[in-house]
Amino acid sequence: MIKVKHLLDDVEADDGQRIWVEGIGITQDLQEWCKIDHVMTHLGPPKELWDWFNAHPDGYDYFRGRYHEFLSKGPHLKMLFDLVAEGRRSHFTLIHQGDSPENNSAIALYEFLAELEAYVPPEG
């Protein structure tokens, strides 16, 4: 199961591995304080798109479309398929820093992973 949480949301037992998915890094002390297990900035949106979205928070649909295009054409597509398969086997949480709980980088990545799921064969 894949969850999405804000950086400052409570850590829960069923969070599983907590993955920072913003296109920018996170300081070591904040990473430890928020119990971030993995920093995967390479899965976050490109910096210029991330900056654009921060300046245009009402532009989520455009941001999401451009981000999904970036993910689908990027070098990490195999890793994204692996994340979908892992989400079937265990729990992990995508962590974001955005102001909106509905429109942020982690939600956009979660939506992309949900779309990819149709292309991942069942295990077994």
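## Helix α2 and its two sides

A residue counts as exposed when its relative accessible area is over 50% and as buried when that area is under 20%. In this predicted model, helix α2, which spans residues 47-55, has Leu49, Trp50 and Phe53 as its buried residues. These residues lie on the same side of α2, because they cover an arc of only 100° around the axis. An α-helix has 3.6 residues a turn, so residues three or four places apart point the same way.

Glu48 and Ala55, by contrast, are exposed on the other side of α2. The partners against which the buried residues of α2 pack are α3 (60-73) and α5 (105-116).

## The parallel sheet

Four strands form an open sheet with parallel pairing, and their order is β1-β4-β2-β3. The edges are taken by β1 (2-6) and β3 (38-39), each of which has a single partner strand, so that one side of each is left without a neighbour in the sheet.

For the edge strand β1, the pairing with β4 (residues 92-96) is parallel and runs over 5 bridges, and within this pairing Ile2 stands opposite Phe92 in β4.

## Helices packed on the sheet

Helix α4 (residues 77-89) packs on the sheet, where it touches β1, β2 (17-20) and β4, and the direction of α4 makes about 125° with that of β4. Helix α5 also packs on the sheet, touching β1 and β4, with a direction that makes about 140° with that of β4. Helix α5 thus appears in both parts of this description, since the buried residues of α2 pack against α5 as well as α3.

Methods. Residues are numbered from 1 along each chain as its sequence is written. This is a predicted model: local features need pLDDT of at least 70, side-chain atom pairs count only at pLDDT 80 or more; totals for chains, interfaces and linings use all residues. Side-chain values use heavy atoms; hydrogens and water are left out. Buried means under 20% relative accessible area, exposed over 50%, partly exposed in between (1.4 Å probe, protein chains only). Helices (H or I, at least four residues) and strands (E, at least two) are DSSP runs, numbered from the N terminus. The arc is that of the directions from the helix axis to the C-beta atoms. Contact means heavy atoms within 4.5 Å. Two strands pair if DSSP finds at least two bridges between them. Axes are lines fitted to C-alpha atoms, for helices over the stretch in contact, and angles run from 0 to 180 degrees between N-to-C directions.
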